[in-house]
Amino acid sequence: MKSSIKPSTVERTGNFNETKFGIKGEEDMVYIFEILGNKLYSDKVMAVLREYSTNAMDSHVESGQPDRPIKVKLPNTLNPELRIRDYGDGLSEHDIREVYCMYGRSTKRASNEFTGQLGLGCKSGFAYGENFLITSYHGGTKTTYNAFIDETRVGAIAKISEEPSDETGIEITIPINR
């Protein structure tokens, strides 16, 4: 979705000592990430379903197959995992590390064809638990990553497996608390 942030013009009269707003230091960053990852959503289960299914549909729009259904596998007693799968283009390792992992980073701001744009929804798994899996089928390779809250409480992502595949898309796996 195209961003509605409008540029601003500021006229300054005089020479003032200015400081830009930002996040300084790891302790502050941990606090902000906790808000973005764990306190942003009032209904955490619904947020996970909404955010990942919306991202999956956006992936289908981006890959030119907007009418193709996504696959949602609900958890049960024998398999306590939520899985949401799209069949879009998948993500390269560069995209996982430089876009997916970055709060506020989005590739969807140039078009109103997409629903997402904030760069927050793909981290919504952290609202529910402390880890989730991202499996990307891209460029002839199936790569699985574990996104987890590490000892710094900021979070990290680790590539845990890679194998050849002729599929495309992304599958998010959220382990469900019993």
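Arg-85 counts as buried in this predicted model, since its relative accessibility is 4% and the limit for a buried residue is under 20%. Its side chain is nevertheless paired with a charged partner: Arg-85 forms a salt bridge with Glu-167, and the closest N and O atoms of the two are 2.6 Å apart. Because Arg-85 belongs to strand S2 while Glu-167 sits in the loop between strand S5 (156-164) and S6, this pair ties together parts of the chain that are 82 residues apart in sequence. Glu-167 counts as partly exposed, with a relative accessibility of 38%, so the bridge joins a buried arginine to a partly exposed glutamate.

A second salt bridge also starts from strand S2, and here Arg-83 is paired with Glu-171, the closest N and O atoms lying 3.0 Å apart. The two residues are 88 apart along the chain, Arg-83 being in strand S2 (residues 81-85) and Glu-171 in strand S6 (residues 169-175), and the pair thereby links distant parts of the chain. In this case the arginine is the partly exposed partner, with a relative accessible area of 24%, whereas Glu-171 is buried, with a relative accessible area of 14%.

The strands named so far belong to an open sheet of six strands, whose order is S1-S2-S6-S3-S4-S5 and whose pairing is antiparallel. Strand S1 (71-73) and S5 form the edges, each of them pairing on one side only, and neighbouring strands of the sheet are turned against each other by 15 degrees on average, direction ignored. In general, the strands of a sheet pair through backbone hydrogen bonds, either parallel or antiparallel. Within this sheet, strand S3 (residues 131-138) runs antiparallel to S6 and is joined to it by five bridges, and Leu-133 stands opposite Thr-173 in S6.

Two helices lie across these strands. Helix H2 (residues 44-62) lies across S2, S3 and S6, running at about 25 degrees to S2, while helix H3 (residues 93-100) lies across S3, strand S4 (141-148), S5 and S6, running at about 165 degrees to S5.

Salt bridges also connect residues into a network, which links Glu-93, Arg-97, Lys-159 and Glu-162. Within that group, Glu-162 forms a salt bridge with Lys-159, the closest N and O atoms being 3.3 Å apart, and Lys-159 counts as partly exposed at 34% relative accessibility. Over the model, the count comes to eight salt bridges, among them the pairs of Arg-85 with Glu-167 and of Arg-83 with Glu-171.

Note on methods:
Residues numbered from 1 in each chain as written. Predicted model: local features only at pLDDT ≥ 70, side-chain atom pairs only at ≥ 80, totals over all residues. Heavy atoms only, no water. Salt bridge = Lys/Arg side-chain N within 4 Å of Asp/Glu carboxyl O. Helix = DSSP H or I, 4+ residues; strand = E, 2+ residues; numbered from the N terminus. Buried < 20%, exposed > 50% of the residue type's maximum accessible area, 1.4 Å probe, protein only. Pairing = 2+ DSSP bridges. Axes fitted to C-alpha atoms, helices over the stretch in contact; angles between N-to-C directions. Contact = heavy atoms within 4.5 Å.
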